Amino acid sequence: MSAAPTSASHSAQDARTSQDQVHADVVVVGAGPAGSAAATHLARRGLEVALVEKTTFPREKVCGDGLTPRATRSLIRLGIDTSQENGWLHNKGLRIYGGGTTPFELPWPDLADFPPYGLVRPRADFDDLLARNAIASGATLYEEANVTAPILHERSDRIIGVRTKDGREFRAPIVVAADGNSSRISTTMGITKRDDRPMGVAVRTYYKSPRHDDDHLESWLELWDGKPGESALLPGYGWIFGMGDGTSNVGLGVLNTSTAFGRTDYKDLLKRWLDNTPEEWGFRDENMTTDIRGAALPMGFNRTPHYSRGLVLVGDAGGMVNPFNGEGIAYAMEAAEYAAEAVAEAHYRGFDTASAEKALRSYPTRLRAELGGYYRLGGIFVKLIGNPDVMKICTKYGLPRKTLMKFTLKLLANLTDSNDGDAMDKIINSLSRIAPSA
């Protein structure tokens with residue numbers, strides 16, 4: 001049975017009573033930043049999009065909540081009003097602690113390709129906003145639709161839809177997997193994680209803090225379990241992002257290149273680091289407003305291919321977190337736009353034709369061209385900083401050098417002009433081009 005949606009958003013009960021099977025041009029599984037961005041770009045290109053989400057909005061996600069100018073650019077391209085009047089907290093750069101120095105502040109670079117500001121917004125609100133933007137663009141959101149399995153064509157073995165836990169079916173010639181790190185759809189179709197790519201784990205919580213109204217994102221490159229410089233160096237890196245609402249998002253990440261990966265109590269590690277911050281900052285148990293929660297950071301294209309047999313991977317499902325800085329949202333939204341362009345092109349050429357298949361295969365080719373070399377460099381970087389001694393040397397001798405740190409900021413945040421950039425931009429762009437693709 002097939003029935004047309006009667007509204008822009010549907011709960012599980014709505015769908016059970018009105019439709020057991022939904023047909024669309026594209027089914028997008030997961031309404032996080034990757035899925036909602038893909039749905040928005042697809043709908044704006046005239047495709048009928050079913051955006052399928054296992055939970056209901058608003059809902060929480062483990063994240064640092066901080067966005068660089070790269071993510072800001074993608075939001076602007078989605079038509080999102082990122083003004084402070086619209087509830088966004090702006091930041092103007094990065095503050096870095098490490099090397100036994102006083103904090104070092106670097107403004108976001110002044111570029112043609114990117115806006116000059118970053119953002120902060122809690123994920124519960126952020127994801128809801130992006131999902132509603134997709135609806136406004138013409139996509140249909142189905143909440144409480146927990147996808148459990150792909151539907152495969154019996155002869156071609158291509159995916160032709162997905163089935164939910166409650167028995168509903170969402171069918172389309174193309175399915176976009178935006179279902180996160182575990183990506184049940186991808187693994188069921190045999191697209192599994194690669195062990196030769198970096199991986200991270202992040203934990204975070206919120207504290208009531210007078211530092212909530214910060215105009216910089218803050219990164220800690222060294223974590224000590226006692227007095228800085230006179231105690232053991234802990235694995236990983238930390239962050240403090242003011243939320244502008246009386247709280248700060250505080251967390252840390254550990255990479256799998258560290259010997260401590262998988263053998264560390266990350267919650268205890270977070271508290272040991274914060275015990276050495278000033279008491280007046282408020283980062284103590286009595287000021288904690290949420291539990292400490294963790295999430296995986298799938299990096300450097302750790303699940304490929306990004307297109308196979310009608311399935312398109314975006315965001316964490318395709319391991320698109322930047323190995324240099326742990327940023328995932330910017331790349332999820334960028335990949336979503338690339339995917340939408342390829343899928344829309346295939347749609348108008350005619351799905352199930354050789355020409356359409358060529359258009360779909362242009363998506364992973366573009367990903368490799370845009371990010372493959374840069375992610376390969378990131379893989380080398382995480383191997384180096386996985387050694388605490390190397391990290392200690394880098395922060396001690398690198399942080400006091402402003403020119404070097406400006407270069408490092410551009411490299412780690414992937415903020416360069418593609419045309420007519422300065423000497424730093426040209427070096428980073430050249431390194432990314434000549435590096436073999438991840």
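**Exercise 1. The loop between β21 and β22**

Task: State where Phe-301 lies in this predicted model, and determine which feature of its backbone deserves attention.

Solution.
Step 1. Phe-301 belongs to the loop between β21 and β22.
Step 2. The phi angle of Phe-301 is near 60°, a positive value in a residue other than glycine.
Step 3. Pro-305 has its place in that loop as well, between β21 (293-298) and β22 (307-308).
Step 4. The peptide bond that leads from Thr-304 to Pro-305 is cis, with omega near 5°.

**Exercise 2. A further cis peptide bond**

Task: Identify the loop in which Pro-58 is found and describe the peptide bond from Phe-57 to Pro-58.

Solution.
Step 1. Pro-58 is part of the loop between β4 (49-52) and β5 (66-67).
Step 2. Between Phe-57 and Pro-58 the peptide bond is cis, and its omega is near -5°.

**Exercise 3. The overall form**

Task: Give the secondary structure content of the protein and decide how its radius of gyration relates to the globule rule.

Solution.
Step 1. The protein comprises 11 helices and 23 strands.
Step 2. Its radius of gyration is 22 Å, and the globule rule gives 22 Å for 438 residues, so the protein is as compact as a globular protein of that length.
Step 3. Taken along the principal axes, the box filled by the C-alpha atoms is roughly 70 × 50 × 45 Å.

**Exercise 4. The sheet of 7 strands**

Task: Write down the strand order of the open sheet of 7 strands and explain why β8 and β21 each have one side without a neighbour in the sheet.

Solution.
Step 1. The order is β8-β7-β16-β19-β20-β15-β21, and the pairing is mixed.
Step 2. β8 (104-107) and β21 stand at the edges with a single partner strand each, so one side of each lacks a neighbour in the sheet.
Step 3. From one strand to the next, the twist averages 25°.
Step 4. Within this order, β7 (residues 93-97) and β16 (residues 217-220) are paired in the parallel sense over 4 bridges. Leu-94 stands opposite Leu-217 in β16.
Step 5. Helix α10 packs on the sheet and touches β7 and β8. The direction of α10 makes about 55° with that of β8.

**Exercise 5. The sheet of 4 strands**

Task: Establish which strands form the edges of the open sheet of 4 strands and how β11 and β12 run.

Solution.
Step 1. The strand order is β2-β13-β12-β11, with mixed pairing.
Step 2. β2 (21-23) and β11 (147-152) are the edge strands, each pairing on one side only.
Step 3. On average, neighbouring strands of this sheet are turned by 20° against each other, direction ignored.
Step 4. β11 and β12 (residues 159-164) run antiparallel and are joined by 5 bridges. Pro-150 stands opposite Val-162 in β12.

**Exercise 6. Helix α7 and its partners**

Task: Classify the mutual orientation of α7 and α8, then describe how α2 packs with α7.

Solution.
Step 1. The axes of α7 (residues 329-349) and α8 (residues 354-385) come within 7 Å and cross at roughly 160°.
Step 2. Angles over 145 degrees count as roughly antiparallel; α7 and α8 are therefore roughly antiparallel to each other.
Step 3. The crossing of α7 with α8 is right-handed. Their contact has 15 nonpolar, 2 polar and 6 charged residues.
Step 4. α2 (residues 33-44) packs with α7 at an angle of about 35°, the axes being 8 Å apart. α2 passes α7 in a right-handed crossing.
Step 5. Among the residues that meet are Ala-34, Ala-37 and His-41 in α2, and Ala-332, Met-333 and Glu-337 in α7. The contact of α2 with α7 has 12 nonpolar, 1 polar and 1 charged residues.

**Exercise 7. The pair α10 and α11**

Task: Determine how α10 and α11 are oriented to each other and which residues meet.

Solution.
Step 1. The axes of α10 (residues 402-413) and α11 (residues 423-434) come within 10 Å and cross at roughly 45°.
Step 2. α10 and α11 are therefore oblique to each other, and α10 passes α11 in a right-handed crossing.
Step 3. From α10, Thr-403, Lys-406, Phe-407, Lys-410 and Leu-411 meet Met-424, Asp-425, Ile-427 and Ile-428 in α11.
Step 4. By class, the residues of the contact of α10 with α11 are 5 nonpolar, 1 polar and 3 charged.

Technical notes
Residues are numbered from 1 along each chain as its sequence is written. This is a predicted model: local features need pLDDT of at least 70, side-chain atom pairs count only at pLDDT 80 or more; totals for chains, interfaces and linings use all residues. Side-chain values use heavy atoms; hydrogens and water are left out. Axes are lines fitted to C-alpha atoms, for helices over the stretch in contact, and angles run from 0 to 180 degrees between N-to-C directions. Helices (H or I, at least four residues) and strands (E, at least two) are DSSP runs, numbered from the N terminus. Angles under 35 degrees count as roughly parallel, over 145 as roughly antiparallel, 65 to 115 as roughly perpendicular and the rest as oblique. A crossing is left-handed if the near helix is turned anticlockwise from the far one by less than a right angle, and right-handed if clockwise. Contact means heavy atoms within 4.5 Å. Ala, Val, Leu, Ile, Met, Phe, Trp, Tyr, Cys and Pro count as nonpolar, Asp, Glu, Lys and Arg as charged, and the others, Gly among them, as polar. Two strands pair if DSSP finds at least two bridges between them. The radius of gyration is taken over C-alpha atoms; the globule rule is 2.2 Å times the number of residues to the power 0.38.
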